[in-house]
Amino acid sequence: MDTQACQHVIENLESLPLAPQQIKTDNDSLGYYGKDWTTYYDIKASVILFPESTTDVVEIVHWARKHKIALVPSGGRTGLSGAACATHGEAVVSFDRMNKVLEFNETDSTVRIQPGMITEALQNYAAEKGLLYPVDFAASGSSQMGGNIATNAGGIKVVRYGLTRDWVVGLKVVTGTGEILELNNGLVKNATGLDLRHLFIGSEGILGFITEALIKLAPKPPELKVLVLALDQMSSVMKVYAEFKKHCHMQAYEMFSEKALQKVLSAAEDLHRPFETVTDFYVVCEVECPTAEAEEKVMSVFESCLEQGMIIDGVISQSEVQAQTFWRYREDISESLSKYSPYKNDIAVAISRVPAFMQELDQVLTKAYPTWEVVWFGHIGDGNLHINILRPEGMTKEVFVKECRKVDELVFQAVKSQHGSISAEHGVGLSKKSFLNYTRSNAEIEIMKGIKKVFDPDNIINPGKVID
């Protein structure tokens with residue numbers, strides 16, 4: 001069936017009004033653009049298309065509707081749910097060539113961009129204007145803004161700045177019928193019915209294609225200090241968080257385990273332990289220190305937690321270089337684990353439920369994987385935990401995934417019992433589609449299907465992802 005789908009696409013390429021350099025069918029391109037960071041799907045893309053304008057995207061959609069060809073939106077492909085994977089002969093629509101800044105508005109502090117713009121490039125552009133694009137994460141150097149919007153990306157500074165959704169003030173989209181919609185147009189107040197912009201944010205590309213985005217920028221932050229803290233036990237993670245939140249202006253609060261730290265240190269020869277103390281759990285905490293008084297308050301909270309025994313060691317950055325080094329203990333984790341082909345879960349609960357949930361989940365994982373290595377880290381300040389199960393040496397990918405999927409149900413039952421989410425950041429895609437009812441009611445899922453049908457009546461835009 002997949003071979004027939006690929007052949008059908010190739011046979012109809014001549015009728016697609018794109019330039020030859022906008023179409024690739026070589027095996028290297030199909031393998032490279034046809035997948036995301038998920039490593040457990042067989043990729044069967046038929047062609048890679050490179051639109052250079054909204055008009056090109058409209059032409060692609062009309063062509064796909066006419067010939068009944070499925071389309072997969074493709075950005076930086078840093079997601080971990082399979083949402084950008086082409087597994088059934090689909091045509092992949094890559095936004096690599098739509099990566100420009102279109103307009104900057106100094107009065108509104110907004111920038112209009114194309115969806116293929118790299119996150120880090122937007123951050124650098126904002127900095128040149130004396131402003132800040134605050135949504136940040138380890139993949140900022142390769143992720144694209146269109147993909148960030150389609151997954152409502154969060155990252156490390158949600159505590160202070162919120163999610164991608166909070167910074168998108170306008171969108172231009174092409175629906176599954178080829179219709180162009182311009183949504184909200186940068187308005188701060190707009191009380192004129194349903195805000196369709198927010199349907200596309202977090203939609204994982206199942207409603208249409210984002211071709212432009214109007215992004216709000218923030219004022220440049222004050223001086224920041226980064227602390228690395230060693231905690232006495234898991235339950236102290238939230239207690240220390242509460243103390244810093246009460247008395248300081250936090251930008252980020254991230255937890256990682258000793259196992260995670262060991263993997264980072266073994267993968268980076270230039271990185272050493274932040275201190276001699278070894279414990280099970282560590283925290284990276286970033287706080288605003290615009291004045292000497294603010295820094296004194298940070299130190300006061302640190303010393304108070306130290307006296308109470310919740311913190312058993314710690315360091316605070318004294319330079320920008322040192323701050324960047326401290327962040328590497330957390331941000332280098334995913335890269336250091338990649339050689340183990342980890343099975344990942346990205347889940348969330350309400351912040352107040354984190355301690356009880358971590359204890360429950362730790363028991364589930366210990367019982368299920370008594371001899372396997374499980375690495376924890378997470379955006380504790382927003383209730384988001386990342387679980388990485390490392391594939392044992394010698395075990396085939398197929399057997400490993402099959403065993404992990406058995407325990408997914410136990411993990412998601414724990415999530416459901418805490419009224420949490422089976423996917424905090426990376427979406428549902430292919431990986432979690434069968435578990436969507438652990439987070440969403442049947443009524444919600446049916447409404448989602450109805451909305452999908454309105455925007456994409458022929459089911460050609462990322463079919464089979466999120467919902468059937």
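**Exercise 1. Locate glycine 31 in this predicted model, and decide whether glycine 31 is buried, partly exposed or exposed.**

Step 1. Begin with the secondary structure: glycine 31 belongs to helix α2, which covers residues 27-33.

Step 2. Next comes accessibility. Glycine 31 has a relative accessible area of 30%. Buried requires a value under 20%, and exposed a value over 50%. Glycine 31 therefore counts as partly exposed.

Step 3. Now look along the chain to threonine 192, 161 residues away from glycine 31. The C-alpha atoms of these two residues are 44 Å apart.

**Exercise 2. Find how phenylalanine 95 and phenylalanine 209 are arranged, and which parts of the chain they link.**

Step 1. The model has 15 aromatic pairs. In one of them, phenylalanine 95 and phenylalanine 209 have a centre-to-centre distance of 6.1 Å and an angle of 50° between their planes. This pair is tilted.

Step 2. Place each partner. Phenylalanine 95 is in the loop between β4 (91-94) and β5 (101-105), while phenylalanine 209 is in strand β10 (residues 208-216). With these positions 114 residues apart, the pair links distant parts of the chain.

Step 3. Check the surroundings: phenylalanine 95 and phenylalanine 209 are both buried.

**Exercise 3. Explain why the pair of tyrosine 369 and tryptophan 372 is called stacked.**

Step 1. The ring centres of tyrosine 369 and tryptophan 372 are 5.0 Å apart, with 25° between the planes.

Step 2. Planes under 30 degrees apart count as stacked, so tyrosine 369 and tryptophan 372 form a stacked pair.

Step 3. Tyrosine 369 has 6% relative accessibility and is buried. Tryptophan 372, at 18%, is buried as well.

**Exercise 4. Find what lies over the face of phenylalanine 50.**

Step 1. Start with the ring's partners: phenylalanine 50 is in a cluster with Tyr32 and Tyr33, linked by ring pairs.

Step 2. Arginine 97 lies over the face of phenylalanine 50, 4.6 Å from the ring centre.

Step 3. For another example, try lysine 416: its charged end sits over the ring of tyrosine 438, at 5.8 Å from the centre.

**Exercise 5. Work out how helix α8 packs with helix α10.**

Step 1. Helix α8 spans residues 236-247 and helix α10 spans residues 292-307. Their axes are 10 Å apart, at an angle of about 155°.

Step 2. Angles over 145 degrees count as roughly antiparallel, so α8 is roughly antiparallel to α10.

Step 3. The crossing of α8 and α10 is right-handed.

Step 4. Finally, look at the contacts. On the α8 side are Val240, Glu243, Phe244 and His247; they meet Lys297, Val298, Val301, Phe302 and Cys305 of α10.

Key. Residues numbered from 1 in each chain as written. Predicted model: local features only at pLDDT ≥ 70, side-chain atom pairs only at ≥ 80, totals over all residues. Heavy atoms only, no water. Phe/Tyr/Trp six-rings, centres within 6.5 Å; stacked < 30°, edge-to-face > 60°. Helix = DSSP H or I, 4+ residues; strand = E, 2+ residues; numbered from the N terminus. Buried < 20%, exposed > 50% of the residue type's maximum accessible area, 1.4 Å probe, protein only. Lys NZ or Arg CZ within 6 Å of the ring centre and 35° of its normal. Axes fitted to C-alpha atoms, helices over the stretch in contact; angles between N-to-C directions. Parallel < 35°, antiparallel > 145°, perpendicular 65-115°, else oblique. Left-handed = near helix turned anticlockwise from the far one by under 90°. Contact = heavy atoms within 4.5 Å.
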